[in-house]
Amino acid sequence: MMLINDAFAQAASSTAQSDAGWVTLLPMIGILVLFYFLLIRPQAKRAKEHKLMVGELQRGDEVITNGGILGQILNVSEAYVVIEIAPAMEVTVLKSSVQTLLPKGTLKSIEPKSKTPKAKTKLAAPESNKAEAADESTEAITAEVDKNIEKK
């Protein structure tokens, strides 16, 4: 009679262990579900929205690139975009590097604010003085670029 009671006791403990195995896996499954809803799903949604925005880029749109450059699109090709960042200054970037599409007219409303206001004065100068001033400013810029290159 003793042998039968021991056999029933062993069978009961093995089913309890298998139930405990599933209970220990529940927190892991819960963490995976939490990661999906908090991290994976929102990231996939943002990637889908970015891909749609990049696909709809067209000439005249105002954009911000991943590098923080603001400009207006001049030309759109399959993989590249030509952006005008200043009058007569164009930059070619990858389409995927366009981060944000701005509302129309945003670039005109943005004006950089300087620390010291510059007085706008117009001096009547002969053409020779204007050419000399342009040469001096070009020389100053070239000297500054040379200094920056030497520092590197």
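Asn 75 stands opposite Val 82 in β3, and that pairing is a handy way into this predicted model. The two strands involved, β2 and β3, run antiparallel to each other and share four bridges. Getting from β2 to β3 takes a hairpin of three residues.

Stepping back to the whole chain, the secondary structure adds up to three helices and five strands. Read from the N terminus, the order is α-β-β-β-β-β-α-α. Of the 152 residues in the chain, 12% are buried. About 13,200 Å² of the chain is exposed, and carbon and sulfur atoms account for 62% of that area. As for contacts between residues at least 6 apart in sequence, 42% join residues at least 24 apart.

Back to the strands. Strand β3 also pairs with strand β4, which covers residues 89-94, again in the antiparallel sense and this time over six bridges. Within that pairing, Val 81 sits opposite Val 93 of β4. The hairpin of β3 and β4 has two residues between the strands, and Ala 88 there takes a positive phi near 65 degrees.

On the other side of the strand order, β1 (residues 62-65) pairs with β2 (residues 70-76), antiparallel, over three bridges. Val 63 faces Gly 71 of β2 in this arrangement. These two strands form a hairpin as well, with four residues between them, and Gly 68 in the turn shows a positive phi of about 90 degrees. Strand β1 has a further partner in β5 (residues 98-102), with four bridges in the antiparallel sense. Here Ile 64 has Thr 100 of β5 as its bridge partner.

What about charged side chains? Side chains of opposite charge can pair when their charged atoms come close. The structure holds one salt bridge. It is made by the side chains of Lys 104 and Asp 61, at 3.2 Å from N to O. Lys 104 lies in the loop between β5 and α2 (106-109), while Asp 61 lies in the loop between α1 (2-55) and β1, so the pair ties together parts that are 43 residues apart in sequence. The two ends of the salt bridge sit in contrasting surroundings. Lys 104 is exposed, with a relative accessible area of 60%, whereas Asp 61 is buried, at a relative accessible area of 6%. Asp 61 counts as buried because 6% falls under the 20% cut-off.

Next comes the largest pocket, which holds about 230 Å³ of space. Which elements give two or more residues to its lining? These are β2, β3 (80-86) and α2. The lining residues include Leu 70, Gly 71 and Gln 72, along with Glu 84, Ile 85 and Ala 86. Also among them are Glu 62, Pro 87, Leu 107, Lys 108 and Ile 110. Gly 71 therefore turns up twice in this account, as a lining residue of the largest pocket and as the residue opposite Val 63.

Ala 86 deserves a separate word. This residue is found in strand β3 and is partly exposed, with a relative accessible area of 28%. Ala 86 and Gln 72, both in the lining of the largest pocket, are 14 residues apart in sequence and 9.0 Å apart in space, C-alpha to C-alpha.

Methods. Residues numbered from 1 in each chain as written. Predicted model: local features only at pLDDT ≥ 70, side-chain atom pairs only at ≥ 80, totals over all residues. Heavy atoms only, no water. Buried < 20%, exposed > 50% of the residue type's maximum accessible area, 1.4 Å probe, protein only. Contact = heavy atoms within 4.5 Å. Areas by Shrake-Rupley, 256 points an atom, 1.4 Å probe, with all protein chains shown as cover. Pairing = 2+ DSSP bridges. Salt bridge = Lys/Arg side-chain N within 4 Å of Asp/Glu carboxyl O. 1 Å grid on protein atoms, 1.4 Å probe; cavity = no way out; pocket = protein on both sides within 12 Å on 5 of 7 lines; lining within 4 Å. Points joined across faces, edges and corners; volume = space filled by probe spheres on them.
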